[in-house]
Amino acid sequence: ELKSGILNIFLRTGIVFTQVDLWLGLSYCDGKWNEVTVSKEGSVISATMNDLREQALEPRVQQLKVNSPVYIGGIPPEIQSFYRELGLEQGFGGCMKDVKFTRGAVVNLASVSSSAVRVNLDGCLSTDSAVNCRGNDSILVYRGKEQSVYESALQPFTEYLYRVVALNDGGSVSSAWSHARTREPVPQNVPTPSRAHSINGYSIEVTWDKPAGVIGVIEKYILKAYEVDGPTVPITSAELADAGMLTGVLRGLHPFTNYAVTLTACTLAGCTESLHALNISTPQEAPEDVQSPTAISFPTFLLMSWSPPKTPNGIITQYTLYMNGIPIYSGNGTKYVVKDLAVFAPHQFLLTACTLAGCTNSSQVTLFTAQLPPSHVDAPVLTVLDSRTIHVQWKEPVEVNGILDRYIIYMATNEQNFTKWNVIYNSTELFLDFTIPQLFPGTEYLIKLAACTGGGCSISEASAAVTDESTPEGVPAPKAQSYASDSFNISWTKPEYPNGIITSYGLYMDGVLLQNSSQLSCYAYGLAPWSLHSFRVQACTAKGCALGPLVEARTMEAAPEGMVDVFTTVDGSREVQLKWLAPNKPNGKLTYTVLVTGLFYADQ
């Protein structure tokens, strides 16, 4: 540490602490280079500057082993708390060159240092002038009674020494010399890169000249690449912390692209970018992101197409299409028809795209020709299980022409004259049988099977089956109508569910079988007028008979037969009571009319 004209050496090994103080005064402030040597040889620790030397003997000092980074001129803030006994102040600012460790070669600090602050590691610029800062050569910057002063119009990145003299009538006293360094300015007139050449399509090497007239230490250089006629934001940049290197590599570029490359120089005060750029074009490279071909599928051919690579990296000179490892097309087109293929057959396709720099393959893709409906579907085999159930069985088509997707069963009945086909089974579960429940007994059914692929469905011929007969259900009530007082016209309809072939209809009147035939009507006569009778229809199949509901009806009315005997009783002078007996044969619902003749009393 150099402070107040004294070069202090502090050495701590283990628990032993040694200090060497070398008095220099202001001998080093002569505008020339000064050589400082710090040495430890056994128990002797010495410090030498130019021709001045001081040493100390410490027998307890231990061997010095360096196993950490070496800091020259200061310690980073993050580790200063570990070395508080050093009394660290502002770090070194200025110029260094020709640094040696032990007796080895001179170390190029600019190439081996990880960071540098306020230090020109390559030495001061040749334009620097010698400064004599000793004794009475100093300049008076303030006289007065204040205890602070602001000095302006100083040179950037220049170290100044100050001391304060307090005086009164009795005399004066001076402070120790205190140093301060002005900050460096932002670089000016940063040159355009002098040369650039492409390493490949993705990176370029750029060379530049050291900026002239930079006051201070260049901390880093930044290379930036902009796309010509593109956005004003750089596509990529490279930060080069070794300010001694005047060559850098820009990576992350795109092949076959025009770029404008600029140079930015930075000091601690800020950065300045060159006003002009160096134009360079990256060469072509093999394409990237080559897309697999796609196809519109037909049963016997494929209409192939493909898109240009997402990143062509140049001008595409040729496409090559491979099918099953064999090239089938080469050219600049993006479509091709592959003919004479089998139905629903897989084929492996791969596309190669080429520029002048090379070729790139897409990933391999498997494409199928289109499906067709199955060539033929056999009619299903029907087995009647009982009066309400049919078991349907079938076989898989021999030529599927694709992937079987589903089976569909259609059914029609003679009740609808086999004109309406209903879907009763539609499933992607590729079973080969199905049981049809809840059918009507004694009914003929036509059943056909459809087998479907992605290309459509094929339908078989129809198979017929008749369910077993059963006793009829839903036998209707008869309709009895009387058009004369001694007869009925009785009619009825077929049962709602015949459950087979009706062999006969029986008509019961008053519990007695009146007629048994296949007719749907009957004429009953010789009955008494207004007589009440009950009727019921019976329908029969080969499996048995069933009765319908009971219906009652009367014959029409006829004129009454017999005499009406009338009896009169006189009740006083003005009333007569009449009674009479019904005729022997009323022949209907009777109503009576009383006729009276003679004089009637009336009040005057």
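The following exchange concerns selected features of a predicted model.

Visitor: On what conventions do the values rest, and from which number do residues count along each chain?
Guide: Local features of this predicted model need pLDDT of at least 70 and side-chain atom pairs count only at pLDDT 80 or more, while totals for chains, interfaces and linings use all residues. Side-chain values use heavy atoms, with hydrogens and water left out, and residues along each chain, as its sequence is written, are numbered from 1.

Visitor: Is Thr13 buried or exposed?
Guide: Thr13 lies in strand β2 (residues 6–13); strands are DSSP runs of E with at least two residues, numbered from the N terminus. Buried means under 20% relative accessible area, exposed over 50%, and partly exposed in between (1.4 Å probe, protein chains only). Because its relative accessible area is 5%, Thr13 is buried.

Visitor: Which residue has its backbone nitrogen 3.0 Å from a polar atom of the Thr13 side chain?
Guide: Not counting residues up to four places away in sequence, Thr13 touches Val61, Gln62 and Leu64, where contact means heavy atoms within 4.5 Å. The backbone nitrogen at 3.0 Å from the polar side-chain atom belongs to Gln62.

Visitor: Which strands stand at the edges of the sheet ordered β29-β30-β33?
Guide: This open sheet of 3 strands has antiparallel pairing; two strands pair if DSSP finds at least two bridges between them. Each edge strand has a single partner, so one side of each is left without a neighbour in the sheet; these strands are β29 (381–386) and β33 (433–436).

Visitor: Which residue in β30 stands opposite Val381?
Guide: β29 and β30 (residues 389–393) pair in the antiparallel sense over 5 bridges. Opposite Val381, in β30, stands Gln393.

Visitor: Why is the ring pair of Tyr425 and Phe434 stacked, tilted or edge-to-face?
Guide: The structure holds 15 aromatic pairs; rings of Phe, Tyr and Trp (its six-membered ring) pair if their centres lie within 6.5 Å, and planes under 30 degrees apart count as stacked, over 60 as edge-to-face and the rest as tilted. Tyr425 is buried at a relative accessible area of 10%, whereas Phe434 is partly exposed at 22%. Their ring centres are 4.5 Å apart and their planes stand at 35 degrees, so the pair is tilted.

Visitor: How far apart are the C-alpha atoms of Val214 and Phe535?
Guide: Val214 sits in the loop between β14 (203–207) and β15 (220–227), and its relative accessibility of 6% counts as buried. Phe535 is 321 residues from Val214 along the chain, and their C-alpha atoms are separated by 130 Å.

Key. Helices (H or I, at least four residues) and strands (E, at least two) are DSSP runs, numbered from the N terminus. A polar contact is a pair of N or O atoms within 3.5 Å; within protein, one must be able to donate a hydrogen and the other to accept it, and residues adjacent in sequence count only if both atoms are side-chain atoms.
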